[in-house]
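I set out below what I looked up in this structure. The entries move from aromatic pairs to helices, and then to single residues.

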Amino acid sequence: MSKSKRLPFIDIARAFAMLSIVLLHALSTASHGGEIYRFLMCFNVPLFFVLSGLTFRVKADESFWHFLKNKFLRIMLPYFIWSLLFLIPYYIFGREASAELSQNASFDIVSQVKSILYGNGVAGALKQNTPLWFLPALFSTEILYYFIVKKIQKPKFQMLTLLGIVLVGFLSILFMKDIYLPWGINSALQIGLCFYAGFLLKNYVEKIKHPLILIMLLIVGIVSYIFNAKQNVIWSDYVYQNYALSLLSGLAFSGFFLGISQIIGHARPLEFIGKNTMAILIFHKLIIVVAQTKLGAISKLYADSNLALELTIALGVTIVATLISILIGIVIRKILPQLIGEQRARA
């Protein structure tokens, strides 16, 4: 895999992951979309972790502090800025919107700021913009794997270290269910296997598009999903039902979508979405909440009518939320790109 050229299939796969997250949130209040919701939940977060591992780079001469600074500016700076700014609309409109969605509308500014600093989205934290939980989790994962990749050169020892991390993650699920570590460290331990799987795929990813491999991945994903689909898998809250099956379905579907993305090759709309995932992640939830609460009769049909109509509205909301988020991102990129984790282009 090229180390310098931007590969279209990665942006296409990012678009699949991001659109599935937006659609999942769009379906969160629908009465008849439970099975679709569960299916989307089983792979979208693992796919993002796999893609992050696939594009993970550590320069040979890069110091830890330089790496830490770059990742903080790219990931954590937007997280802190937008999680704080989104307290304003939540304070103004959150109680009314939460009442319409039958959710807890409690608001305490001190508790909210503490939750933001702690950087873990479980237990009602980050309710002003719940998708932001992913950013601290990704940051902690990349910091952890910096040390694995940089300090452990031999693949055999890297694999042994990975197995140790997976074991710690599994034990934390068994014995630390109510212990939530800061900045999504739970995710780094428990879902980091997906990140490392992406990292290992760098030199083999093009082989995934073989039809037999795609069929095998699809079968493994579907079977493991079916056996684990009695209840929701909620990656942000560390709810996996069967941990092994959650990882297996997530990894299998991630590989499948990577292969499909390579077969597609080029698709400008999807590539464009894949290049704007940070803006979509930040802004889509607010737009969805407006659609769920402020469209009158449409909002009511959206919440409880029939599967076909609810899904149709949810798909429309997904498209609108994605486009508006991208437009906001374009404006921000021209004014202050650091707000979405980018640097100003040099003249």
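**Entry 1: aromatic pairs.** I counted rings of Phe, Tyr and Trp (its six-membered ring) as a pair if their centres lie within 6.5 Å; planes under 30 degrees apart count as stacked and those over 60 as edge-to-face. The model I worked from is a predicted one. By this rule I obtained 33 aromatic pairs.

I then looked up Phe43 and Phe257. Their ring centres are 4.8 Å apart and their planes lie at 25°, so I recorded the pair as stacked. Phe43 belongs to helix α2 (residues 34-54) and Phe257 to helix α11, and the pair links distant parts of the chain, 214 residues apart. Are these two rings buried or exposed? I found Phe43 buried, at a relative accessible area of 3%. Phe257 is buried as well, at 16%.

My next pair was Phe139 and Trp183. The ring centres are 5.6 Å apart and the planes meet at 70°, so this pair is edge-to-face. Phe139 sits in helix α6 (residues 134-151), whereas Trp183 sits in the loop between α7 (155-175) and α8 (185-190); the pair therefore ties together parts that are 44 residues apart in sequence. Phe139 counts as buried at 6% relative accessibility, while Trp183 is partly exposed at 23%.

I also noted one aromatic cluster, whose members include Phe56, Trp65, Tyr145 and Phe199.

**Entry 2: helix α11.** I checked the length of α11, which runs over residues 243-264. At 1.5 Å a residue its 22 residues should span 32 Å, and the end C-alpha atoms are 32 Å apart, which agrees. At the start of α11, I found a side-chain oxygen of Asn242 within 3.1 Å of the backbone nitrogen of Ala244. Just after the helix, Gly265 has a positive phi of about 80°.

**Entry 3: helix α13.** I made the same kind of check on α13 (residues 277-293). Its 17 residues reach 25 Å from first C-alpha to last, close to the expected 24 Å. Where is the kink in α13 centred? I located it on Phe283, with an angle of about 40°. The helix is mostly covered, as 14 of its 17 residues are buried.

**Entry 4: Thr29.** Thr29 lies in the loop between α1 (8-26) and α2. I recorded a relative accessible area of 19% for Thr29; the limit for buried is under 20%, so Thr29 counts as buried. Its side chain makes a polar contact of 3.2 Å with the side chain of Gln292.

**Entry 5: Val239.** I placed Val239 in the loop between α10 (211-227) and α11. With a relative accessible area of 30%, Val239 is partly exposed. Leaving out residues up to four places away in sequence, I found that Val239 touches Asn232, Val233 and Ile234. I also looked up Tyr79, which is 160 residues from Val239 along the chain; their C-alpha atoms are separated by 23 Å.

**Entry 6: nonpolar core.** In soluble globular proteins, nonpolar side chains tend to be buried together. Which residues of the largest nonpolar core touch the most other members? Of its 100 residues, I found these to be Trp235 and Leu258. I then listed the contacts of Trp235, again without residues up to four places away in sequence; among them are Met41, Val45, Trp133, Ile191 and Leu247.

Conventions
Residues numbered from 1 in each chain as written. Heavy atoms only, no water. Helix = DSSP H or I, 4+ residues; strand = E, 2+ residues; numbered from the N terminus. Expected span 1.5 Å × (residues − 1). Polar contact = N/O pair within 3.5 Å; in protein donor to acceptor, adjacent residues only side chain to side chain. Buried < 20%, exposed > 50% of the residue type's maximum accessible area, 1.4 Å probe, protein only. Bend = angle between axes of the 7 residues up to and from the residue. Contact = heavy atoms within 4.5 Å. Core = buried A, V, L, I, M, F, W, Y, C linked by side-chain atoms within 4.5 Å.
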